[in-house]
Amino acid sequence: MSVKFLKEKIFSRRGKSEKPKNAYIVIEDFMKLPVYFYHTIGLNPYELTGTNNKPGIGFHILFLLHMINANFVLALEIFFVYVSFRNNENFIESCMVMSYIGFVIVGDLKIGAVLLQKQKLTNLVRQMESVFPPARQKEQEEYDVRRYLRRCLRYTKGFGGLYMTLVITYNLFAICQYSIQKWILHSPHAKQTVPYVPLTPWTWQDNWKFYPTYLSQSMAGYTATCGHISADLMIFAVAIQVIMHFDRLAKSLTEFSVRAQSEEDGADKDLKQLQELIAYHNKILGLTDVMNEVFGLALLLNFLASSTLVCFVGFQISIGISPEMLAKLILILISANSEIYLICNFSQMLINASGSICYAVYDMNWSEADPRFRKMLIVLALRAQKPVCLTATVFLDISIETMSIFLRMSYKFFCAIRTMYQ
């Protein structure tokens with residue numbers, strides 16, 4: 001029996017109507033990683049189109065348990081810092097716990113922002129679906145959707161993997177250190193420690209309460225991390241799609257074939273086609289407005305929290321610490337700076353993509369077009385001259401130059417804390 005016959009037989013059993021998985025790319029392929037992280041903590045960020053499958057009661061209970069646990073650990077961290085400063089002790093450890101406090105608070109606020117903006121986020125996703133290339137080979141090849149999806153997954157998986165490495169390192173470091181000292185080195189000085197804050201309402205050292213306490217704080221770290229990065233991953237996914245649409249519009253304008261002088265009713269056809277492109281441009285600009293409205297607060301929180309985190313981490317590194325603690329702090333430093341750099345980089349890509357519309361208009365064969373056509377082109381070019389970028393509410397328009405502002409602000413905070421310590 002030949003291999004070809006076997007393949008045909010297997011295919012016939014599956015059914016001729018069955019198509020290969022992921023034959024065409026859909027918008028969920030861009031959004032699947034942030035949605036996955038949200039789902040692991042029991043949060044549905046937006047309503048899916050064309051489905052009545054709503055999360056069950058267990059899903060909501062999961063979210064409630066995550067939030068109660070995370071905020072309980074947050075309260076312990078705040079109380080620990082208060083007691084340490086009141087008694088004028090544990091200053092270095094308090095600085096570390098203050099970094100955790102800022103991280104958890106930002107995670108909480110980002111989760112709250114998603115809950116408050118859920119309807120707007122749902123509308124944003126539906127608007128993106130309305131302009132997304134249909135599931136046909138020709139259209140998806142024209143938009144080069146697969147290339148943009150690869151770029152999106154490269155950024156989101158890399159960033160998500162970095163922060164998952166961070167939280168896994170912090171969650172497992174203490175128990176791995178204790179296990180090695182206790183069971184491998186048989187050290188009499190092996191001491192149980194918890195990942196984030198040693199202060200609890202109960203005594204957990206050297207008894208069974210150590211393990212649920214450790215699990216509780218580890219889960220709180222994971223919850224805060226998911227809340228912190230999922231909004232960023234969604235921003236990256238939306239920004240990549242907006243860039244794809246700008247690039248497609250620029251390509252359509254550059255390749256526009258003016259028919260005013262070659263066909264009898266060519267001028268009218270040109271006007272109709274240009275009107276469709278202008279309407280497409282308006283939709284893209286509308287997407288960016290909704291995107292900034294939904295994610296503006298999350299972006300502002302990113303800059304405030306990351307700046308504070310970087311200066312606290314820099315301070316702890318500068319005063320001399322153990323090698324293992326140094327490695328953990330460097331991982332935080334890399335993660336925080338990577339987050340801000342990626343946000344600034346995506347915003348700069350949006351600026352470049354939106355600005356390319358002006359150049360595409362100029363590169364058209366507009367000299368042979370109808371006067372009405374050329375007047376419409378002027379309006380399109382003028383509108384495209386205003387750059388589109390990510391905005392942290394009304395306070396900050398983000399670009400690659402914002403990265404230098406962030407570093408300068410972090411350095412000033414670092415100098416202030418260093419002066420207080422001395």
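The exercises below deal with aromatic pairs, cavities, pockets and single residues of a predicted model.

Residues are numbered from 1 along each chain as its sequence is written, and side-chain values use heavy atoms, with hydrogens and water left out. As the model is predicted, local features need pLDDT of at least 70 and side-chain atom pairs count only at pLDDT 80 or more, while totals for chains, interfaces and linings use all residues.

**Exercise 1. Classify the ring pair Tyr155 and Phe346, and place both residues in the fold.**

Step 1. A pair of aromatic rings is described by the distance of the centres and the angle of the planes. Rings of Phe, Tyr and Trp (its six-membered ring) pair if their centres lie within 6.5 Å; planes under 30 degrees apart are stacked, over 60 edge-to-face, and the rest tilted. The count by this rule is 17 aromatic pairs.

Step 2. For Tyr155 and Phe346 the ring centres are 4.9 Å apart and the planes stand at 65°, so the pair is edge-to-face.

Step 3. Helices are DSSP runs (H or I, at least four residues), numbered from the N terminus. Tyr155 belongs to helix α7 (residues 145-184) and Phe346 to helix α10 (residues 323-363), so the pair ties together parts that are 191 residues apart in sequence.

Step 4. Accessibility is sorted into buried (under 20% relative accessible area), exposed (over 50%) and partly exposed (in between), with a 1.4 Å probe and protein chains only. Tyr155, at 22%, is partly exposed, whereas Phe346, at 0%, is buried.

**Exercise 2. Repeat the classification for Phe159 and Tyr163, then find the cluster that holds them.**

Step 1. The ring centres of Phe159 and Tyr163 are 5.1 Å apart and the planes are at 55°, so this pair is tilted.

Step 2. Phe159 and Tyr163 are four residues apart in helix α7, a separation of about one helical turn.

Step 3. Phe159 is buried at 2% relative accessible area, and Tyr163 is buried with a relative accessibility of 2%.

Step 4. One aromatic cluster is formed by Phe103, Tyr155, Phe159, Tyr163, Phe236 and Phe346.

**Exercise 3. Which charged residues lie over the faces of Tyr148 and Trp183?**

Step 1. The test requires NZ of Lys or CZ of Arg within 6 Å of the ring centre and within 35 degrees of the ring normal.

Step 2. Arg147 lies over the face of Tyr148, 4.6 Å from the ring centre. Over the face of Trp183 lies Lys182, at 5.8 Å from the ring centre.

**Exercise 4. Describe the two largest cavities by volume and lining.**

Step 1. On a 1 Å grid over the protein atoms alone, a cavity is a set of points where a 1.4 Å probe fits but cannot get out; lining residues have an atom within 4 Å of a point. Grid points are joined across faces, edges and corners, and a volume is the space filled by probe spheres set on the points. There are four cavities of 30 Å³ or more.

Step 2. The largest cavity holds about 220 Å³. It has 18 lining residues, and Tyr100, Phe103, Tyr196, Gly221 and Thr225 are the closest to its centre. Two or more lining residues come from each of α3 (57-86), α4 (91-116), α7 and α8 (210-254).

Step 3. For classes, Ala, Val, Leu, Ile, Met, Phe, Trp, Tyr, Cys and Pro are nonpolar, Asp, Glu, Lys and Arg charged, and the others, Gly among them, polar. The lining of the largest cavity has 14 nonpolar, three polar and one charged residues.

Step 4. The second largest cavity has a volume of about 50 Å³. Its lining includes Lys110, Gln117 and Phe295, and α4 and α9 each supply at least two residues.

**Exercise 5. Which element gives the largest share of the lining of the largest pocket?**

Step 1. A pocket is an open set of points with protein on both sides within 12 Å along at least five of seven lines. The largest pocket has about 620 Å³ of space.

Step 2. Of its 27 lining residues, Glu93, Thr193, Val194, Met325 and Lys328 lie nearest the centre. The elements giving two or more residues are α4, α7 and α10.

Step 3. The largest share, six residues, comes from α7.

**Exercise 6. Is Ser410 buried or exposed, and which residues does Ser410 contact?**

Step 1. Ser410 is in helix α12 (residues 402-421) and is buried, at 4% relative accessibility.

Step 2. With contact meaning heavy atoms within 4.5 Å, and neighbours within four places in sequence left aside, Ser410 touches Ser307, Val310 and Cys311.
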